[in-house]
Amino acid sequence: MAGIDDIRSQFNNELKHASDLDKLQLLETSYLGRNGKINALLAEMKSKTPEERKSYGQEINELKQSLTLQITQLKTLLSTRKDQGGDVDVTLPGTVYPKGSIHLVSIAIEEISRIYEKIGFIRTSYPEVEYEFFSFESLNMPKSHAARDDFETSFIDAPVHSKWGKMLLTPHTSSGQVREMWRVGKPPIRMINIAKTYRPNWDATHTPMFFQFEGLCVDEGINITHLKGTLDHFVKEYFGSDIEGRLRPHHFQFTEPSFEVDVTCTVCKGTTKVEGAKCKVCKSGWLELGGTGMVHPNVLKAGKIDPKKYSGWAFGFGVERVIMMKYGIDDIRNYYAGDIRFLEQF
Amino acid sequence: MNIKITHNWLLEYLETDATPVEIQKYLSLCGPSVESVEKTDDGDYVYEIEITSNRIDSASVFGIALECQAILPMFGKKAKLILNPLDKYRFADVETRHASSLQVTIKDPSLCSRFSAVVLDNVKTIPSPDFIQERLRAIGIKVINNVVDVSNYLMVSFGQPTHVFDFDKIGKHTMIMRESKKGELIVTLDGKKVELPGGDIVIEDGNGELIDLCGIMGGLNSSFTDKTKRVLLFVQTYNKQLIRRTSMLTGQRTIAATYFEKGLDEERVETTLSYGVELLKSYANAQVTSVVTDIQSKKYSPRTISFSLSEINYKIGVNIEPKQVQRILTSLGFGVQSSGSKYTVTVPSFRQYDVEIVEDIVEEIARIYGYHNLPNHLSPATYVKQPKAFEDLFVYQNKIKTYLKHIGLNEVLNYSMISLEMIEGLDLKPSDHLFLSNVMSEEIKYLRTTLLPSLIKNIKTNEGRKDQLKLFELAKVYERREGDLPEEKYKLGIAVTTSYEDLKGVVEALLQELHIQESLFTSSDNSYCSSIQTTLIIKGKTVGTLGKLKTQYKDKNNLSSECFIAELDFDTLISHARTISTYQPLHPFAIIKLDHTVTFDKKITFEMFKNRAFKKSKLLQKLDVVDRFKDKITVRMYFSSPTHNITEADAKKELQACAR
């Protein structure tokens, strides 16, 4: 049977080899555990004389305390070393996860939809290939109107419909106005229609296909202040609370009165100056957003709604236009060229 | 269209204390948008002003003066018309003689709503007086000589283009106005030989020569030169549609055409010709030697519009004082009669094509009152139900796009129109496609019936830009229908350059994301794909095919890498989508996992093995592919019972039953 001193020197030896926390745990168990060496020494107590017992007991106790202390100290040391150890370059990149992208226009469409959804407007979907009736006649644009000629509208080579006229690619989302009036039957109408639109125009600043978003509100007692307030709300939600909207007189066949909406230049914030120089983006601190107006009585009539009882407002803005204004991404030709270097940035 | 005028020119008609910058600001808010104001070297100011198509009456110095008279007082500025040319310059005041005469025949009165002309003799061609030269130069019009300058000066003053002929070059002093025949030729003033599309307004002289492409540009053969002694001052209004058509078809987008195509006021013809005579008398020493020819096929009978003040206020949303209404309309040239709150307004001839209904009056009052003075109100809250079909369409579009993005795909948006070459690139039938009749580029002629040609083109475009391409597009295709609009169907197209397994993984992951559990992949024989292809079927409905692009088409589209393509019918896909999967109750009993390696061949596919396994074993809960090597596949099968613990022996028995 090993004596107290043997156990101590044995322990000191083994402690030197306890190079990690797992080994130290084993060492601790073999000395301080229930079946450990300390408890084995205590079991020897009964073979001692009553006189010896007191000092023997004291010695074991001291040994136990000393072992416990040494183990605790080493444990602290090893734990610290473990947390600090290793030669990992923490500046290296982590595991790479797939990163795809959503098209810039899809992102804007979601942003716009959400803003209008919160104030009770529902998003709809109407044909992109339309008849003249929905794109023009119903919108108070007579046959002779310039927008209806070959230079402004893309026509489809198809038989002319006896009732609805020629087939075309819708040049604006306004073609959905009368369709929505027919669908609902009776006001209220709160529509937001976001869709592809087409015009035969392809150059540095135009693409033959582009997106518009159309708002239409028809109800009893709708007046110009409602149009103005709703647009101002959109402008602040989309561009920021420091951006103002304003209306200027304009002309469209399907609204009366008609307006053009300007917003505070998003670059110079309306100051016309950027770092002391003249703002290159805007004229006089304002940027044109698009067209709007009070729904023309003839359009309501075409929608089978009584213009004496109901009134409304409508607007149609370019999705690419608001993206350019908000994010400054103005090379519109890249939008639909399918270049991965453009797409994957969003 | 944009016009330019100068401040001093404006002051000829208007007395005001507003500065040019104030005029710019206030006009832009309430009337025509003044895009810039710039000071000239002579101390004058040049305004560049945008004119909307309905307000061609305001596209002149006088027109802007009228707008100023209405708008500036709203901002506390003085503004008063000091010269009204409509009252001052009348035919009655033109002294006429009978020494010369012009014979005129108008074949169709619908070509020209008013025709006026007068002969002036002894014209002396010299430089214009300084004020005309300075004003024209300031607004960017080339100064030539007194006669040509007067013609331009008239146009800017009143917005009415004029033309000056050399009277002695007009064969037999005879003009026959008619529609052109297709293919007729005329050499215009600028020396260009123009082949006429037919149906254009032209003038033929007594010798059968074309001497004017009306409303666009005069003929070179009859034009005024510095040797001309007798001139014909020529002022008309034309059929606007015909002018626009000719201008667009011949590419002659002259300034005159941009005026005439918007429809000019017949009454201003009189003002313009009369003032023109006065200017030519003063600055070219000319004398009138004929009577004024004046043929008017259509005379304006003044329109009246009646309304009540409350109607106006209801539409604008604020209450406007009767005094204000009176002042605004009068200053714009309307005649106003009122009794109590009832008004009757007479529309002046220069607004006859623009102001027709009470809403037009609302616009005039509201804009001058100032849109900036109106409060902002959100439209009153109400509930409109969004049809489920619309809701699903947009919710799932967004969900699918977002999911595909997160698993590493890039969304692309392509034109809805494609080229014949792209159609042939997949041996599709051109006759299945709708196409544009007025095509501007062969690249965008046909409406897509599938997204795949566009996606294949995208892969081609991006070769060399990225090692692996994974693209998707969610867009409509257009399937032609007899006697109706095409059916517009949303498709989800995917194209990757990685592998068939990768493409199938994307589709399967998407099915999982949409919690579609009843999907089935069957053999298929789509013509664009090699034998590596499969068709996705959900509850018996075909959703679409995915597979490897046939080598033949890979070559035809000049692709250097392999391409794997899928096209799924969006509506069918989302009709089976669910928000969450069917819930499987949890149970505490053991799950025994067993691996099993199977050799597959054409006769027994994995799909068949799987289906049979689930049919044979009630305890089989799940089956995964954990390894594949050549034709050997290791599957891991999970067995358990929801009612009791099974033993490994039980599981092995089940496995044997499955694998047999």
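This is a short tour of a predicted model, going from a sheet in chain A to a helix and a hairpin in chain B and ending at a surface patch.

**The sheet in chain A**

Begin by selecting the strands of the open sheet in chain A, where 7 strands follow one another in the order β1-β4-β5-β11-β10-β7-β6 with mixed pairing. At the edges lie β1 (122-124) and β6 (245-252) of chain A, each of which pairs on one side only. If you compare neighbouring strands of this sheet, they are turned against each other by 25 degrees on average, direction ignored.

Next, restrict the selection to β7 (residues 255-264) of chain A and its partner β10(A), which run antiparallel and are joined by 8 bridges. Within this pair, label Glu260(A), which stands opposite Gly291(A) in β10(A).

**Two helices on the sheet**

Now add helix α8 (residues 224-239) of chain A, which packs on the sheet and touches β5 (209-219), β6, β7, β10 and β11 (311-318) of chain A. The direction of α8 makes about 145 degrees with that of β10(A).

Which strands of chain A does helix α12 (residues 358-369) of chain B touch? Select this helix together with the sheet, and you will find that α12 of chain B touches β6 and β7 of chain A, its direction making about 35 degrees with that of β7(A).

**A helix in chain B**

Move on to helix α5 (residues 130-138) of chain B, in which Ile132(B), Gln133(B), Arg135(B) and Leu136(B) are buried. To see what surrounds them, show β1 (2-6), α1 (7-11), α6 (146-158) and α9 (267-283) of chain B, against which the buried residues of α5(B) pack. After α5(B) comes Gly140(B), a residue whose phi is positive, near 85 degrees.

**A hairpin in chain B**

Further along chain B, select β26 (residues 519-523) and β27 (residues 529-538), two antiparallel strands joined by 5 bridges. A hairpin leads from β26(B) to β27(B) through 5 residues, and Ser523(B) stands opposite Thr534(B) in β27(B).

**Back to chain A: a surface patch**

Finally, return to chain A and show the side chains of Val267(A), Val274(A) and Val281(A), which make a nonpolar surface patch of about 210 Å². Val281(A) is found in the loop between β9 (277-278) and β10 (286-295) of chain A. Why can Val281(A) be counted in this patch? Patch residues need over 30% relative accessible area, and Val281(A) is partly exposed, with a relative accessible area of 47%, so Val281(A) passes that cut-off.

Technical notes:
Residues numbered from 1 in each chain as written. Chains lettered and ligands numbered in written order. Predicted model: local features only at pLDDT ≥ 70, side-chain atom pairs only at ≥ 80, totals over all residues. Heavy atoms only, no water. Patch = residues over 30% accessible without salt bridge, like charges linked within 9 Å, V, L, I, M, F, W, Y side chains within 5 Å. Areas by Shrake-Rupley, 256 points an atom, 1.4 Å probe, with all protein chains shown as cover. Salt bridge = Lys/Arg side-chain N within 4 Å of Asp/Glu carboxyl O. Helix = DSSP H or I, 4+ residues; strand = E, 2+ residues; numbered from the N terminus. Buried < 20%, exposed > 50% of the residue type's maximum accessible area, 1.4 Å probe, protein only. Pairing = 2+ DSSP bridges. Axes fitted to C-alpha atoms, helices over the stretch in contact; angles between N-to-C directions. Contact = heavy atoms within 4.5 Å.
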